[in-house]
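Reader: Hello! I would love a close look at a single part of this structure, the sheet, along with what packs around it. Could you walk me through it in one go?

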Amino acid sequence: MASRVVVVANQKGGVGKTTTAVNLAACLAALNHSVLLVDLDPQANATSGLGLEKTPGGSAYAALLGQEELIGKVQATTQPNLFIVPSELDLCGAEIELPRMDSHLQRLRRALQALQSEAHFDVIIIDCPPSLGVLTLNAFAAADSVLVPLQCEYYALEGISTVNWLMERVRQAGENPSLSMLGIVMTMYDGRTRLASQVVDEVSRHFGELVFETRIPRSTRLAEAPSHGRSIIQYDPCGTAAAAYEMLAQEVAARLGLGTAATDATAPSAWEAQPAAAQNVA
Ligand SMILES: Nc1ncnc2c1ncn2[C@@H]1O[C@H](COP(=O)(O)OP(=O)(O)OP(=O)(O)O)[C@@H](O)[C@H]1O
Ligand SMILES: [Mg+2]
């Protein structure tokens, strides 16, 4: 069965895209699905959040330019079933270089297709930068569906209208006619404030069942975990934030039609034997 490719996107900064991409990927991997996280943000927060160093030449950049295969950039993490294509600053160059190339919005799709003939992943999750540039457009062109984290704050709806607009443009331009919305996850939810529940009510009124039932609570542990190079289920496995991302992973797996106990991870054994990330995590 083909991998499900999900892009985590919202052009607003700091709404929980990377936190969601990393922890959703970790929780899906813990459910025994083989997961590849592609860090497409030059900030490389997902990369450092999983304890990997930024290594020159280690990102998807050369694969986007068609110079190298993406499979060569895949690294193991400290968690079984969870792999990553890390990011580093050279990805900034993509915004300048790619628009000069032919089919420049199809570059990630092609790189992922080539990768899928070498190794099977049940799910590929792409973490995007907070911009609508060429990297985000490549992610939208490569994905089956879009997952939108919305921070429980006043202007939350603005983020989603821009994502919807971009999805429509990508579909109509023929870059990815079947791109769909996987769902909206409310992040940094603080049940003690009236604002948080008002925002959830308003988003639910507009988007109904597209909104995941699971809300991600505001949690200091969640903000601390990346500085330890750990996902929340490694850093604070019994906390409320870990429980929330575990529930979100169940909802996402159901929407993606993933079986409950996939065991067909066929990642090359060399990755298992040499988990590069393990050497970088204290
Ligand atoms: N549920 C949460 N509770 C507390 N802090 C959170 C939560 N989710 C994210 N954070 C923190 O908020 C900040 C922004 O989160 P994150 O990096 O995931 O957002 P982002 O949308 O990826 O940002 P950017 O647009 O810069 O890529 C980080 O410091 C993160 O640790
Ligand atoms: Mg981010």
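Author: Happy to. Let's start with one pair of residues at the sheet's margin: A76 stands opposite F83, which lies in β4. Please keep in mind throughout that this is a predicted model.

The pair belongs to the contact between β3 and strand β4 (residues 82–85), two antiparallel strands joined by two bridges. Q75 also has a bridge partner in β4, namely I84. Together β3 and β4 make a hairpin, with five residues between them. In its turn you will find N81, whose phi is positive, about 70°.

Stepping back, the open sheet is formed by seven strands, and their order is β3-β4-β2-β5-β1-β6-β7 with mixed pairing. Its edges are taken by β3 (75–76) and β7 (180–187); each has a single partner strand, so one side of each is left without a neighbour in the sheet. Helix α7 (residues 156–172) packs on the sheet, where it touches β6 (145–151) and β7. The direction of α7 makes about 165° with that of β6.

Now move inward from the β3 edge. In a regular strand, side chains alternate between the two faces of the sheet. In β4, L82 and I84 point one way, F83 and V85 point the other way, and all of them are buried. On to the next neighbour: strand β2 (residues 35–39) pairs with β4 in the parallel sense, over four bridges. Within that pairing, L37 is set opposite I84 of β4.

Further along comes strand β1 (residues 4–8), which deserves a slower look. Five of its five residues are buried, so β1 is largely enclosed by the rest of the structure. Cover is found on both faces: R4, V6 and V8 are buried on one side, and V5 and V7 are buried on the other. On one flank, β1 pairs with strand β5 (residues 123–127) in the parallel sense, over five bridges. β1 also runs parallel to β6, to which three bridges join it. V7 is a handy residue to click on here, since it shows both pairings: V7 stands opposite I126 in β5, and its bridge partner in β6 is V146.

What about the helices around these strands? Take α6 as an example. Nine of the nine residues of α6 are buried, so this helix, too, is largely enclosed by the rest of the structure. The buried residues include V134, L135, T136 and L137 as well as F140. Their cover includes two strands you have already met, β1 and β5, together with α4 (94–97), α5 and α7.

One of those helices can be followed in detail. Helix α5 (residues 107–116) packs against helix α6 (residues 134–142) at an angle of about 50°, and their axes are 7 Å apart. That makes α5 oblique to α6. From α5, the residues R107, L108, R109 and L112 meet N138, A139, A141 and A142 of α6. By class, the residues of this contact are five nonpolar, one polar and two charged.

Since you work at the bench, you may also want to look at the ligand. Around ligand 1 there are 19 residues, of which G13, K17, T18, T19 and P130 come nearest. Two elements give two or more residues to this shell, α1 (17–30) and α9 (220–224). The most comes from α1, with three residues. Sorted by class, the shell holds seven nonpolar, nine polar and three charged residues.

A last stop is I232, which is placed in helix α10 (residues 232–235). I232 has 27 other C-beta atoms within 10 Å, so it is buried. Leaving aside neighbours within four places in sequence, I232 is in contact with N23, R221, L222, A225, A241, A242 and Y245. For a sense of scale, compare I232 with A94: they are 138 residues apart in sequence, and their C-alpha atoms are 31 Å apart in space.

Note on methods
Residues numbered from 1 in each chain as written. Chains lettered and ligands numbered in written order. Predicted model: local features only at pLDDT ≥ 70, side-chain atom pairs only at ≥ 80, totals over all residues. Axes fitted to C-alpha atoms, helices over the stretch in contact; angles between N-to-C directions. Parallel < 35°, antiparallel > 145°, perpendicular 65-115°, else oblique. Contact = placed C-beta atoms within 7 Å. Nonpolar A, V, L, I, M, F, W, Y, C, P; charged D, E, K, R; others polar. Buried ≥ 20, exposed ≤ 12 C-beta atoms within 10 Å, placed from the backbone. Pairing = 2+ DSSP bridges. Near = placed C-beta within 6 Å.
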